[in-house]
Amino acid sequence: MLRVALTGGIGSGKSTVAALFAALGVEVIDADAVSHALTAPGEPVVAEIARVFGGGLVDAAGALDRAALRRIVFADSRQRQRLEGLLHPRIRERMLAELATAAGPYALLVIPLLLETGQTDLADRILVVDLPEPEQLRRVRLRSGLSDAEIQRILAAQVPRAVRLARADDVIDNAGPPEALGPQVEALHRRYLSLSG
C-alpha cells in the first residue's frame, strides 16, 4: 500500500484536504484525531499528563484542559518536548495499527508535525498543503480566536514553510478559494492510484 503523509503548517487547510480525499474513498488516518482519542477522559495518558504537568489540567470528570496545556507547551520548548515524549510514540503506534488494517491502494496519513517529529519514515510520499504566511495567520485568527502572540509561538515550534516545501513530493496550493482544492485533490488522487498500481 502506498503511504502518503499529508502535512502543513497550522491553518494551512490539512483537515479540508483530508476530507476531500476521504470523500474519494481514501483511507485517512489522522494524527490529531488519534491524539484526541488518546487524551479523552479516562485514558491512561491523561493521568500521566496530570502527573508531569500538574493535576490542575484535568477536571473532576477527567477531561484535559487542552487550552491550558497548549499555553504551557508553546511557552516553553522543554515542556513541549516532554509532552511530545508522552504522546508521539503512542500516536505513532496507534497510526501504524490503523494502517495495518487499512484497505485500498493507498492511505493518507495526516501528520501535522511530520517533519518536526522525524516521522518521514512512515511515508512513501510527502504531500504539503501550502499557503503564504499572511493568509495562514488570517485563517488561524478567524478559526481559533488565538492571539497573534499565541499563533506566533505555535508557528515558531513548526518547521519553516521553505523547509516543508523543500521536503515535499507533492504540494497543494491553498492560497485561493476553497473550490480550488477539489481539482488539485482529484489530480493527486489519480496520480497516487497510478503510483500504487
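Is Asp-76 buried, exposed or partly exposed? At 22% relative accessibility, Asp-76 counts as partly exposed, because that class lies between buried (under 20% relative accessible area) and exposed (over 50%), found with a 1.4 Å probe on protein chains only.

Welcome to the structure above. This is a predicted model, where local features need pLDDT of at least 70 and side-chain atom pairs count only at pLDDT 80 or more, while totals for chains, interfaces and linings use all residues. Residues are numbered from 1 along each chain as its sequence is written, and side-chain values use heavy atoms, with hydrogens and water left out.

## Salt bridges

Side chains of opposite charge can pair when their charged atoms come close. A salt bridge here is a side-chain nitrogen of Lys or Arg within 4 Å of a carboxyl oxygen of Asp or Glu. The whole structure has 11 salt bridges, including those in this table.

| Pair | N to O distance |
|---|---|
| Arg-78 and Asp-76 | 3.6 Å |
| Glu-84 and Arg-80 | 3.7 Å |
| Asp-170 and Arg-191 | 2.7 Å |

Asp-76 has an exposed partner, as Arg-78 reaches 59% relative accessibility. Glu-84 and Arg-80 sit four residues apart in helix H5 (residues 77-100), about one turn of the helix. Helices (H or I, at least four residues) and strands (E, at least two) are DSSP runs, numbered from the N terminus. Glu-84 is partly exposed at 23%, whereas Arg-80 is buried at 18%.

What about the bridge between Asp-170 and Arg-191, with its closest N and O atoms 2.7 Å apart? It links distant parts of the chain, 21 residues apart: Asp-170 is in strand S5 (residues 170-173) and Arg-191 in helix H9. Asp-170 is buried, with a relative accessible area of 4%, and Arg-191 is partly exposed at 41%. Shared salt-bridge partners join Arg-125, Asp-170 and Arg-191 into one network.

## Aromatic rings

The structure holds three aromatic pairs. Rings of Phe, Tyr and Trp (its six-membered ring) pair if their centres lie within 6.5 Å; planes under 30 degrees apart count as stacked, over 60 as edge-to-face and the rest as tilted. Phe-21 and Tyr-106 form an edge-to-face pair, because their ring centres are 6.4 Å apart and their planes stand at 90°. Phe-21 belongs to helix H1 (residues 14-23) and Tyr-106 to strand S3 (residues 106-110), 85 residues apart. Phe-21 is buried at 0% relative accessible area, and Tyr-106 is buried at 2%.

Tyr-106 also pairs edge-to-face with Tyr-192, the centres being 5.3 Å apart and the planes at 65°. Tyr-192 lies in helix H9 (residues 181-196), so this pair ties together parts that are 86 residues apart in sequence. Ring pairs thus link Phe-21, Tyr-106 and Tyr-192 into a cluster.

## Cavities

The structure holds two cavities of 30 Å³ or more. On a 1 Å grid over the protein atoms alone, a cavity is a set of points where a 1.4 Å probe fits but cannot get out, and lining residues have an atom within 4 Å of a point. A volume is the space filled by probe spheres set on the points, which are joined across faces, edges and corners.

The largest cavity has a volume of about 50 Å³. Its lining includes Arg-70, Phe-74, Glu-150 and Ile-154. Helix H4 (66-75) and helix H7 (148-157) each give two or more residues to that lining. The second largest cavity holds about 30 Å³ of space, and among its lining residues are Gly-9, Asp-130 and Arg-164.

Notes: 1 Å grid on protein atoms, 1.4 Å probe; cavity = no way out; pocket = protein on both sides within 12 Å on 5 of 7 lines; lining within 4 Å.
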